[in-house]
Amino acid sequence: MDKKTFHKVSYGLYVVCSKNKEKINGQIANALFQVTSDPPTIAISINKKNLTHEYIDASKVFTISILDKNTPLTLIGMFGFKSGRDIDKFKKVNFKLGVTQSPIILDNTLAYLEAQVINKIDVGTHSIFIGKIIDSAVLSKEKAMTYDYYHEVKGGYSPKTAPTYDGNLDKKIEKKKEEVKMEKYVCTVCGYVYDPVKGDTESGIAAGTAFEDLPDDWVCPICGAGKDAFEKQ
Ligand code: FE
């Protein structure tokens, strides 16, 4: 079996939220699909260890916030690499409570769905929750973030076919390459790769900045770990 085959399946990137009495939580998920259109139902796969799983089990409701392509790594990191058991994930984002009283992210959400759980399938490490849609809305005309886009463009390099590919940037980088060390560093906590060719423009780090030249207080844009959590790739 070639596990790379799985990377050929395309996905979006979503924040799945739920509630448990007055408490709310949410997490990043990519495994979501529409099951039927009449009645409209969707399925999501959630790891049993996650707090959101516990909340969906308790409340039988969940929401899906569909993220757009401009979603910053910090938002994905907050919901994808941290646990609601340790921090309040909603402190720094705009959100509202839907008709299910489950939260809907408003920052970088282009559309959302609210669902009532009608079935649950045990698949070992994960559960698949099947939800009947009880409300939904489109919030913007932005393009949806895809799992692929997140990895190829946001987290690493920009392929020539990517919409954000910048030919001039490449030329500038070619020049810079001769001047600075261009070694990539990987975050040992979340796997984010700091590529000096790309820099970390969301945090104000210009393309062509060597890892060694990052300010001491620079942190991983995804998980928030410090420079000392990085090692050479
Ligand atoms: Fe990290």
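**View 1. The hairpin of β3 and β4.** Strands β3 and β4 form a hairpin with two residues between them. Helices (DSSP runs of H or I, at least four residues) and strands (runs of E, at least two) are numbered from the N terminus. The model is a predicted one, in which local features need pLDDT of at least 70 and side-chain atom pairs count only at pLDDT 80 or more, while totals for chains, interfaces and linings use all residues. Residues are numbered from 1 along each chain as its sequence is written, and side-chain values use heavy atoms, with hydrogens and water left out. Strand β3 covers residues 32-37 and runs antiparallel to β4, to which five bridges join it; two strands pair if DSSP finds at least two bridges between them. Ser 37 has Pro 40 of β4 as its bridge partner. Pro 39 sits in the loop between β3 and β4, and the peptide bond leading to Pro 39 from Asp 38 is cis, with omega near 0 degrees.

**View 2. The pairing of β4 with β9.** Seven bridges hold β4 and β9 together, and the sense is antiparallel. Opposite Ala 43 stands Ile 130 of β9.

**View 3. Helix α1 and the strands around its buried residues.** Helix α1 spans residues 51-59, and its Leu 51, Thr 52, His 53, Tyr 55, Ile 56 and Ser 59 are buried. Buried means under 20% relative accessible area, exposed over 50%, and partly exposed in between (1.4 Å probe, protein chains only). The buried residues of α1 pack against six strands: β1 (14-20), β2 (23-29), β4 (40-47), β5 (61-67), β8 (109-123) and β9 (126-138). Contact is taken as heavy atoms within 4.5 Å. After α1 comes Lys 60, which has a positive phi, near 65 degrees.

**View 4. The largest nonpolar core.** This core has 32 residues, of which Phe 79, Tyr 192, Cys 220 and Phe 230 touch the most other members. The elements that contribute two or more residues to the core are β1, α2 (73-80), α3 (147-154) and β10. Helix α2 gives the most, five residues. A nonpolar core is a set of buried Ala, Val, Leu, Ile, Met, Phe, Trp, Tyr and Cys residues joined through side-chain atoms within 4.5 Å. Leaving out residues up to four places away in sequence, Cys 220 touches Cys 187, Cys 190, Tyr 192, Ala 225 and Phe 230. Another core, of 18 residues, lies apart from the largest one; among its members are Ile 42, Ala 111, Phe 129 and Ile 133.

**View 5. The open sheet of β10, β11 and β12.** Three strands make up this open sheet, in the order β11-β10-β12 and with antiparallel pairing. At its edges are β11 (193-194) and β12 (230-232), each of which pairs on one side only. Strand β10, residues 185-187, is joined to β12 by three bridges, and the two run antiparallel. Tyr 185 has Lys 232 of β12 as its bridge partner.

**View 6. The largest pocket and its lining.** The volume of the largest pocket is about 730 Å³. Its lining comprises 35 residues, and those closest to the pocket centre are Ile 28, Asn 30, Gly 80, Phe 81 and Tyr 147. Two or more lining residues come from each of β2, β4, α1, α2 and α3. By class, the lining divides into 15 nonpolar, 15 polar and five charged residues.

**View 7. Val 153 in helix α3.** Val 153 is part of helix α3. Val 153 counts as buried because its relative accessible area is 8%. Lys 69 is 84 residues away from Val 153 along the chain, and the C-alpha atoms of the two are separated by 10.0 Å.

**View 8. Two loop residues with positive phi: Gln 101 and Asn 108.** Gln 101 belongs to the loop between β6 (95-97) and β7 (103-105). Although Gln 101 is not a glycine, its phi is positive, near 70 degrees. With a relative accessibility of 42%, Gln 101 is classed as partly exposed. Asn 108 belongs to the loop between β7 and β8. Asn 108, also a residue other than glycine, has a positive phi near 60 degrees. Its relative accessibility of 22% makes Asn 108 partly exposed.

**Terms for View 6.** On a 1 Å grid over the protein atoms alone, a pocket is an open set of points where a 1.4 Å probe fits, with protein on both sides within 12 Å along at least five of seven lines; lining residues have an atom within 4 Å of a point. The volume is the space filled by probe spheres set on the points, which are joined across faces, edges and corners. Ala, Val, Leu, Ile, Met, Phe, Trp, Tyr, Cys and Pro count as nonpolar, Asp, Glu, Lys and Arg as charged, and the others, Gly among them, as polar.
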